[in-house]
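Biologist: Hello! Could you walk me through this one, giving the cut-off behind each label as we go?

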Amino acid sequence: DYPAGLASLTLSHHPASATEILASAEDGRNGLAIDDYSLMRQLEVTGETDRSDYQALLTDIYSRGFRRSTPFDLERSRRELAELVMPLLDNPGLEPRRVMWGPNEFSVTGNLLHWNVHDRLSELRVPTLVLSSWYDEIQPRYVQRMAEGIAHSEFIIFGRSSHMIMFEHEADAYFSAISNFIDRARAVTTRPATWPAPTTSR
């Protein structure tokens, strides 16, 4: 359910189910060397994801699909990830996320494992903006699937960014897209039966 006064909705860089988050995360580490991949899986099973070797591999994955430099350079991405994003992830306010999900995308220990709202997307009747990025650890195809299940949705892919686009090269374009969408939604005085059909752009 959502409030009767809701005029519009913006959904950013997220699919509609936990299984799609997991599938996308697994796809994102398929490029690892087999020994590194095996080590990550082993440490997830034993609950040792705080080990330095696990964290080093996680940093490399995050530097590609979580917060990515433009133009991409792995060393620069690692450095900027540490400077701009990792301090935010140490915020105690994120503890509920750890409880509901787990220590990272690959280790689901919380109660959201079976979360799936695909069968409820049709309940959304307000203009909805769905945003994704080409290099996001949450692959655009999963986000697009969600957008296609929502009437009156618009789907935008940013072609040079990853998950934390608000800290990346296309941040201004990202915020402009949201602002423009909200302005157009505000101009609609009633819930529109003729809101523009869902679109896809990149």
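**Rings, strands and unusual angles**

Modeller: Gladly, and let me start with an arginine: R68 lies over the face of Y135, at 3.9 Å from the ring centre. This is a predicted model, where local features need pLDDT of at least 70 and side-chain atom pairs count only at pLDDT 80 or more, while totals for chains, interfaces and linings use all residues. Residues are numbered from 1 along each chain as its sequence is written, and side-chain values use heavy atoms, with hydrogens and water left out.

Biologist: What makes R68 count as lying over the face of Y135?

Modeller: A charge sits over a ring if NZ of Lys or CZ of Arg is within 6 Å of the ring centre and within 35 degrees of the ring normal. For R68 and Y135 the distance is 3.9 Å, so the distance limit of 6 Å is met. The charged end of R68 also sits over the ring of F72, 4.0 Å from its centre.

Biologist: What is special about the peptide bond that joins T70 and P71?

Modeller: That bond is cis, with omega at about -5 degrees. Most peptide bonds are trans. P71 lies in the loop between α3 (52–65) and α4 (74–89); helices (H or I, at least four residues) and strands (E, at least two) are DSSP runs, numbered from the N terminus.

Biologist: Why are F158 and Y174 called an edge-to-face pair?

Modeller: Rings of Phe, Tyr and Trp (its six-membered ring) pair if their centres lie within 6.5 Å; planes under 30 degrees apart count as stacked, over 60 as edge-to-face and the rest as tilted. A search of the whole structure finds three aromatic pairs. In one of them, F158 and Y174 are 5.9 Å apart centre to centre with 65 degrees between the planes, so 65 falls in the edge-to-face range. The pair links distant parts of the chain, 16 residues apart: F158 is in strand β3 (residues 153–158) and Y174 in helix α7 (residues 171–186). Together with F175, these two residues form one aromatic cluster.

Biologist: How do you know whether H13 and H152 are buried or exposed?

Modeller: Buried means under 20% relative accessible area, exposed over 50%, partly exposed in between (1.4 Å probe, protein chains only). H13 has 1%, so H13 is buried. H152 has 18%, so H152 counts as buried too. Each has a positive phi, near 55 degrees for H13 and near 60 degrees for H152. Most residues other than glycine have a negative phi. H13 is found in the loop between β1 (9–12) and α1 (18–28), and H152 in the loop between α6 (140–148) and β3.

Biologist: And what makes F167 partly exposed?

Modeller: Its relative accessible area is 32%, so F167 falls between the two limits. F167 lies in the loop between β3 and α7.

Biologist: How do you know that β1 and β2 pair?

Modeller: Two strands pair if DSSP finds at least two bridges between them. β1 and β2 have four, in the parallel sense, so the requirement is met. In β2, the bridge partner of L9 is T128. β2 also pairs with β3 in the parallel sense, over six bridges, and L129 stands opposite E154 in β3.

Biologist: What makes β2 a mostly covered strand?

Modeller: Six of its six residues (128–133) are buried. T128, V130 and S132 point one way, and L129, L131 and S133 the other way.
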